[in-house]
Amino acid sequence: MVHLAGGLTPVVGHYSDRIGRKPMLLACAVLAVVMAYPLFLFLQTHPTFWGLLVVQATAQMVLTLYTGVISTILSEMFPTNVRYTALSVSYGFAVAIFGGFAPYIATSLVHWTGDPLAPSYYVMAAGLASGIAVLFVKERVHEAALA
């Protein structure tokens, strides 16, 4: 999987320089919402190495829409005099809160609902929240090209 991400991430970054960062992040958010449940369902019905490989490869391709853009768009969000601190604190808190509690939330959702596919709802909610947040980000791709 590392080779897949390593190969596609620079391609996504290249295209984000041409069409913008927001379209890439919005595509990632939309695909997370649309594909989470089917991927979890596929894994439940194909609990094999190959089933896991298909799900992981598909999810990794979607994730490259994020990884190819996130470092640039986060850097563009903050002025240079506070960039390092603002970026590391905001990103660190987001990852710690939403990523750190993800296993607990996923386990709790399965327990509360009795649905083994319930973790997909968390992924879908995160995709929806991310998509909404991206709508408020100012696109600076053309400003950076002029600088």
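Ser16 is a good place to start: this residue is buried, with a relative accessible area of 2%. Ser16 lies in helix H1, which covers residues 2-19. Please keep in mind that the model is predicted. The chain has eight helices and zero strands, and the notes below move outward from Ser16 to the core, a helix pair and a small group of charged residues.

**Around Ser16**

- Setting aside neighbours within four places in sequence, Ser16 is in contact with Arg21, Met24, Gly68, Val69 and Val141.
- One of these partners, Met24, also has contacts beyond its neighbours within four places in sequence, and they are with Val12, Tyr15, Ser16, Ile19, Leu65 and Val69.
- Another partner, Val69, sits in the loop between H3 and H4.
- Val69 counts as buried because its relative accessible area, 0%, falls under the 20% cut-off.
- Not counting residues up to four places away in sequence, Val69 touches Val12, Ser16, Arg21, Met24 and Leu25.
- Val69 and His14 are 55 residues apart along the chain, and their C-alpha atoms are separated by 9.1 Å.

**The overall chain**

- Reading from the N terminus, the elements run α-α-α-α-α-α-α-α.
- The C-alpha trace spans about 50 × 30 × 25 Å along its principal axes.
- Of the 147 residues in the chain, 29% are buried.
- If you take the contacts between residues at least 6 apart in sequence, 74% of them join residues at least 24 apart.

**The largest nonpolar core**

- Twelve residues make up the largest nonpolar core: Val12, Met24, Leu25, Cys28, Val62, Leu65, Val69, Ile70, Ile73, Leu74, Val134 and Val137.
- At least two residues of this core come from each of helix H2 (21-45), helix H3 (49-67) and helix H4 (70-77).
- Val69, the loop residue described above, is among the core members.

**How H2 packs against H3**

- The axes of H2 and H3 come within 8 Å and cross at roughly 170°.
- That angle is over 145 degrees, so H2 is roughly antiparallel to H3.
- On the H2 side, the contact is made by Met24, Leu25, Ala27, Cys28, Leu31, Ala32, Met35, Leu39, Phe42 and Leu43.
- On the H3 side, the contributors are Gly51, Leu52, Val54, Val55, Thr58, Ala59, Val62, Leu65 and Tyr66.
- Sorted by class, this contact has 17 nonpolar, two polar and no charged residues.
- Met24, Leu25 and Cys28 of H2 take part in this contact, and these residues also belong to the largest nonpolar core.
- On the H3 side, Val62 and Leu65 take part in the contact and are likewise members of the core.

**Salt bridges**

- How many salt bridges does a search of the whole structure find? The search finds two.
- Arg21 pairs with Asp17, and the closest N and O atoms in this salt bridge are 2.7 Å apart.
- Glu76 also forms a salt bridge with Arg21, with the closest N and O atoms 2.9 Å apart.
- The Glu76 and Arg21 pair links distant parts of the chain, with Glu76 in helix H4 and Arg21 in helix H2, 55 residues apart.
- Together, Asp17, Arg21 and Glu76 are linked in a network of salt bridges.
- Is Arg21 buried or exposed? Arg21 is buried, at a relative accessible area of 4%.
- Glu76 is buried as well, whereas Asp17 counts as partly exposed at 48% relative accessibility.
- Arg21 also ties this network back to the opening topic, being in contact with Ser16 and touched by Val69.

**Two partly exposed helix residues**

- Thr72 lies in helix H4 and counts as partly exposed at 29% relative accessibility.
- Thr72 and Asp17 are 55 residues apart in sequence, with a C-alpha to C-alpha distance of 9.7 Å.
- Ala102 is found in helix H6, residues 102-113, and is partly exposed at 22% relative accessibility.
- Ala102 and Tyr122 are 20 residues apart along the chain, and their C-alpha atoms are separated by 8.0 Å.

Conventions:
Residues are numbered from 1 along each chain as its sequence is written. This is a predicted model: local features need pLDDT of at least 70, side-chain atom pairs count only at pLDDT 80 or more; totals for chains, interfaces and linings use all residues. Side-chain values use heavy atoms; hydrogens and water are left out. A nonpolar core is a set of buried Ala, Val, Leu, Ile, Met, Phe, Trp, Tyr and Cys residues joined through side-chain atoms within 4.5 Å. Buried means under 20% relative accessible area, exposed over 50%, partly exposed in between (1.4 Å probe, protein chains only). Helices (H or I, at least four residues) and strands (E, at least two) are DSSP runs, numbered from the N terminus. Contact means heavy atoms within 4.5 Å. Axes are lines fitted to C-alpha atoms, for helices over the stretch in contact, and angles run from 0 to 180 degrees between N-to-C directions. Angles under 35 degrees count as roughly parallel, over 145 as roughly antiparallel, 65 to 115 as roughly perpendicular and the rest as oblique. Ala, Val, Leu, Ile, Met, Phe, Trp, Tyr, Cys and Pro count as nonpolar, Asp, Glu, Lys and Arg as charged, and the others, Gly among them, as polar. A salt bridge is a side-chain nitrogen of Lys or Arg within 4 Å of a carboxyl oxygen of Asp or Glu.
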